[in-house]
Amino acid sequence: MEVVIVETDREAAVIAADAISRLFRENPSAVLGIATGSSPLGIYDELGRRVTGGELSLADARAFMLDEYVGLPEDHPERYRNVVARDFVAKVDIDRANVHGPDGLAKDVPQACASYEQQIRDAGGIDLQILGLGTDGHIAFNEPGSSLGSRTRIKMLTSQTRSDNARFFDDQVDAVPQHCLTQGLGTISECRHALVVATGRHKAQAVHQVVEGPVTAMWPGSVLQLHPHATIIVDRPAASRL
Ligand code: GLP
């Protein structure tokens, strides 16, 4: 795994946006994997600046989300599809119809998961996947114990993740859904470039385990040690246990 240590969040965002810009210069219809959480926000802002400045266009891009809460109503502001619409789609020139995510309101969950996998395959796979890292080492919503070969499926969130994410639900842990649909570790591992951003001291233990620990389902992000092209961008506090 390539580790890039930066001084500021802004530097992390610029390095990630450079990689994404390069990809879309080479192939305007490339497939971008997008993540939620606070870690990618700076990247989306930087991509927005470049699109507004005419240096970059995502007009022909296709994008796939990593995960979605189960059961949040269509208009719920924290439904990941809505978060992505606000934090990413609204800032760039991507066609909303080309942004895909797992259906957290599906009646037939296994079928919805299988059809999401098929959509990713039909698009030719993910060229560059943006990832954040949970404090428990999760990527997407693959919590500790997730099979390294897992595919898109329903998962139960750990209480740690629900309390980490309560800040998006007026600090009400009970308002955070218990279940989610998430691309599996096997699904994510098939992307051509995995780009993780993790900043802040609260990520230091996860960064240490994921980068230097054994490859284990107990620290799901460690699966990226097996990936031929994985980059993790960290600031000094997040790198403090390396
Ligand atoms: C959530 C998301 C993950 C994200 C993680 C870290 O649980 N499902 O995709 O990477 O949290 O979030 P943050 O970047 O806000 O620390």
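How many nonpolar, polar and charged residues make up the shell around the ligand? The shell holds five nonpolar, eight polar and one charged residues. In total, 14 residues surround the ligand. Those that come nearest are Gly37, Ser38, Ser39, Gly132 and Gly134.

The structure is a predicted model. The mean pLDDT of the protein chain is 97. A pLDDT of at least 70 is reached by 100% of the residues. The model has an ipTM of 0.93 and a pTM of 0.97.

Strand β8 has two pairings to report. Strand β4, residues 67-69, pairs with β8 in the antiparallel sense. Three bridges join β4 and β8. In this pairing, Asp67 lies opposite Thr182 of β8. Strand β7 also runs antiparallel to β8, with four bridges between them. Here Lys155 has Cys180 of β8 as its bridge partner.

Glu68 belongs to strand β4. Glu68 counts as buried because 27 other C-beta atoms lie within 10 Å. Its contacts beyond four places in sequence include Cys180 and Leu181. Glu68 also touches Tyr80, Arg81, Gly101, Pro102 and Gly104. Phe141 is 73 residues away from Glu68 along the chain, yet their C-alpha atoms are separated by 8.6 Å.

The active site can be considered next. An unreviewed UniProt entry lists Asp67, Asp136, His138 and Glu143 under "active site". Two of these, Asp136 and Glu143, are described here in more detail. Asp136 sits in the loop between β6 and β7. Glu143 is found in the loop between β6 and β7 as well. Their surroundings fall into separate classes. Asp136 has 18 other C-beta atoms within 10 Å and is therefore partly exposed. Glu143 has 22 other C-beta atoms within 10 Å, so Glu143 is buried.

The two residues touch each other, with neighbours up to four places away in sequence left out of the count. Asp136 is further in contact with Pro144, Thr158, Gln160, Thr161 and Ala206. On the same basis, Glu143 contacts His138, another residue in the UniProt list. Thr158 and Thr161 appear among the contacts of Asp136 and also among those of Glu143. The remaining contacts of Glu143 are Lys155, Leu157 and Pro220. Lys155 is thus a contact of Glu143 and the bridge partner of Cys180 in β8. Cys180 in turn touches Glu68.

Two residues stand out by their backbone geometry. Ala140 has a positive phi of about 50° although it is not a glycine. Ala140 lies in the loop between β6 (128-131) and β7 (153-156). Asp170 is likewise a residue other than glycine with a positive phi, near 50°. Asp170 is located in the loop between α5 (159-165) and β8 (179-182).

Is Ala140 buried or exposed? Ala140 is buried because 31 C-beta neighbours lie inside 10 Å. Asp170, by contrast, has 8 C-beta neighbours inside 10 Å and so counts as exposed. The two positive phi values therefore occur in a buried residue, Ala140, and in an exposed residue, Asp170.

Note on methods: Residues are numbered from 1 along each chain as its sequence is written. This is a predicted model: local features need pLDDT of at least 70, side-chain atom pairs count only at pLDDT 80 or more; totals for chains, interfaces and linings use all residues. A residue is buried if 20 or more other C-beta atoms lie within 10 Å of its own, exposed if 12 or fewer, and partly exposed in between; C-beta atoms are placed from the backbone. pLDDT is the predictor's confidence in each residue, from 0 to 100. Two strands pair if DSSP finds at least two bridges between them. A residue is near a molecule or strand if its C-beta atom, placed from the backbone, lies within 6 Å of it. Ala, Val, Leu, Ile, Met, Phe, Trp, Tyr, Cys and Pro count as nonpolar, Asp, Glu, Lys and Arg as charged, and the others, Gly among them, as polar. UniProt positions are given in the numbering used here, feature names are shortened, and annotations may be inferred rather than shown by experiment. Two residues are in contact if their C-beta atoms, placed from the backbone, lie within 7 Å.
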